[in-house]
Amino acid sequence: MARILLGVCGGIAAYKALEAVRLATKAGHSVRVVQTPTSERFVGGASFEAITGAPVLTSEFAPDPARGAFPGDPPPQHDPISHLALVGNADVFLIAPASANTLAKLAGGFADNLLTSAALAARCPLIVAPAMNDAMWEHPATQTNLATLRARGVHVVDPGVGQLASKGEHGVGRLAEPAELLAAVERVLGVDADLAGLRVLVTAGGTREPIDSVRFVGNRSSGRMGFALAERAAARGAAVTVLAANVALPHAPGIAYREVETAAQLAAACAHEFPRCDVLLMAAAVADFRPVAPAATKIKKDADAPDSIALERTPDILAGLAQQRTLRQTVVGFAAEHGDGALDYARGKLARKRLDAIVVNDVSQPGIGFDTPDNAVTIVTPERERPLSRAPKGEIAAAILDEVVRLRAIRDADGTSGSPAGRAARV
Ligand code: PMT
């Protein structure tokens, strides 16, 4: 099990760090805590000490009775330098909540307290879980600082949407839930196998609908989002099958890939695979229309060229599968929307297609969506919406899988799929 160094910054969300520590120690990890001086105004060190069984440090100059050792490890003979010893011994450094001020210091390389000095000296993976008021979160300075940290390899656990600290305020900025913080830590450490025993079906890429033997109606999906989901799910222990529509990306070992070209072929492959899967992640961009009468040979441009091509609707594969889903299955759709009203359209698709969750990307934003390494999405479920700011598709995939795990935990707790769609599903 891991040695987790937890850095706690000032903010009302500091109380959630206590629960994160409780979950981590319960899972068998050993935890040390460093606090910023401001954070002590919200939560006292005695509470963390009681849960971790180890001293809490706030200053570089205060002696560490444990000499930088983690619970269960023998302390060294000599007195070490606290900020170096703690990160030197840690497998991972999680800063939660990470305030806007501390994020700015980390981006700038400042080392003006024990927490920021330790972060600057950290060679272990660094995870930040921001929490702040929505105006501070949305400020370009904060977003630029996060982009800088991400570019340096820092992992970011995005905040959620909901009620904020100041009375009556609602928006983005709530610290991720303690279980999500622990999941992020375990994911970074590669010790999570929370999808073990599950069969995950992923659709990826874009279908091509033939006009004739050489031309087609298609879209710009590269398959990156779907492949990232598949690879992350496999890394977390799932048995993964990918239905890949015209994807030119390398295949990862341990994942089963089936190639399809058209919406009809994808529908047939889904019909075959869906009954035996536990989780469907429908990331493929499926053509909504196809030529009614594709030509068997190449249409010549001079003679016989048609003035127009008659199109017909393709069946909605996802909606059809959701109709047949059973209680044990979790069904996640995607929605590629353009501009204003993206979230409203996605909410409509969630309800109409009877899904557990829908992942909406606003493809009018530059640098995300189709054929890009990054994405920015909102995961919409019937009871909450979780915006994820721009990040590599692997990180977005990890957060989507966290949501799947959460929905399935709700289902296991109350015997439903965790959503009204699931409650209506066949047992
Ligand atoms: O592949 P990348 O380059 O990485 O790009 C990723 C992506 C932008 C393609 C991906 O993030 C995404 O948004 N995929 C869904 C695109 C899409 O088809 O959205 P839609 O709003 O048209 O469809 C909604 C849902 O219904 C989707 O889950 C789609 O798979 C499904 N659908 C749509 C039409 C249809 N006939 N049958 C379906 O099952």
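Here are some notes on a predicted model, going point by point through its salt bridges, helix crossings, backbone details and surface.

1. Let's start with charge pairs. Side chains of opposite charge can pair when their charged atoms come close. How many salt bridges does a search of the whole structure find? The count comes to 31. The next few points pick out some pairs and one network.

2. Have a look at Arg 150 and Asp 158 to begin with. Their side chains meet in a salt bridge, at 3.4 Å from N to O. Are these two residues buried or exposed? Arg 150 has a relative accessible area of 15%, so it is buried, the limit being under 20%. Asp 158 is at 6% relative accessibility and therefore counts as buried too.

3. Asp 212 and Arg 215 make another salt bridge, and here the closest N and O atoms are 2.4 Å apart. The two partners sit in different classes of exposure: Asp 212 is buried at 3% relative accessibility, whereas Arg 215, at 33%, counts as partly exposed.

4. Then there is Arg 174, which forms a salt bridge with Glu 177; their closest N and O atoms are 3.7 Å apart. Arg 174 has a relative accessible area of 28%, which makes it partly exposed. Glu 177 also counts as partly exposed, with 30% relative accessibility.

5. Some charged residues go beyond a simple pair. Which residues are linked in a network of salt bridges? Glu 180, Glu 383, Arg 384, Glu 403 and Arg 406 are. If you're browsing the model, note that Glu 180 falls within helix H8, which covers residues 178-189, and that Glu 403 and Arg 406 fall within helix H13, residues 393-414.

6. On to the helices. Two packed helices are described by the angle between their axes and the distance between the axes. Take helix H9 (residues 224-235) and helix H13 (residues 393-414): their axes come within 8 Å and cross at roughly 60°. That angle is why H9 counts as oblique to H13. As for handedness, H9 passes H13 in a right-handed crossing.

7. A second helix pair worth a look is H3 and H5, the latter spanning residues 114-121. The axes of H3 and H5 come within 8 Å, crossing at roughly 50°. So H3 is oblique to H5. The crossing of H3 and H5 is right-handed.

8. Now some backbone details. Where is there a cis peptide bond? Check the step from Ala 96 to Pro 97, where omega is near -5°. Pro 97 belongs to strand E4, residues 92-98.

9. Arg 67 has a positive phi, near 50°, in a residue other than glycine. You'll find Arg 67 in the loop between strand E3 (56-57) and helix H3 (82-89). With a relative accessibility of 27%, Arg 67 counts as partly exposed.

10. Asn 246 is also not a glycine, and its phi is positive at about 60°. This residue is placed in the loop between strand E12 (239-245) and strand E13 (256-260). Asn 246 is at 22% relative accessibility, so it counts as partly exposed.

11. What about nonpolar side chains on the surface? Ile 12, Tyr 15 and Phe 42 form a nonpolar patch there, and together they have about 330 Å² of accessible area. Phe 42 comes from the loop between strand E2 (30-35) and helix H2 (45-52). Its relative accessible area of 42% makes Phe 42 partly exposed, since that class lies between 20% and 50%.

12. Finally, two residues to help you get your bearings. Ala 184, in helix H8, is buried, with a relative accessible area of 3%. From Ala 184 to Ala 287 it is 103 residues in sequence and 35 Å in space, C-alpha to C-alpha. Asp 340 lies in the loop between strand E17 (330-337) and helix H12 (342-352). Is Asp 340 buried or exposed? With 76% relative accessible area, Asp 340 is exposed. Asp 340 and Phe 216 are 124 residues apart in sequence, and their C-alpha atoms are 29 Å apart in space.

Definitions and conventions. Residues are numbered from 1 along each chain as its sequence is written. This is a predicted model: local features need pLDDT of at least 70, side-chain atom pairs count only at pLDDT 80 or more; totals for chains, interfaces and linings use all residues. Side-chain values use heavy atoms; hydrogens and water are left out. Patches are made of residues with over 30% relative accessible area and no salt bridge: like charges are joined within 9 Å, nonpolar side chains (Val, Leu, Ile, Met, Phe, Trp, Tyr) within 5 Å. Accessible areas come from the Shrake-Rupley method with a 1.4 Å probe; for residues, only the protein chains shown count as cover. A salt bridge is a side-chain nitrogen of Lys or Arg within 4 Å of a carboxyl oxygen of Asp or Glu. Helices (H or I, at least four residues) and strands (E, at least two) are DSSP runs, numbered from the N terminus. Buried means under 20% relative accessible area, exposed over 50%, partly exposed in between (1.4 Å probe, protein chains only). Axes are lines fitted to C-alpha atoms, for helices over the stretch in contact, and angles run from 0 to 180 degrees between N-to-C directions. Angles under 35 degrees count as roughly parallel, over 145 as roughly antiparallel, 65 to 115 as roughly perpendicular and the rest as oblique. A crossing is left-handed if the near helix is turned anticlockwise from the far one by less than a right angle, and right-handed if clockwise.
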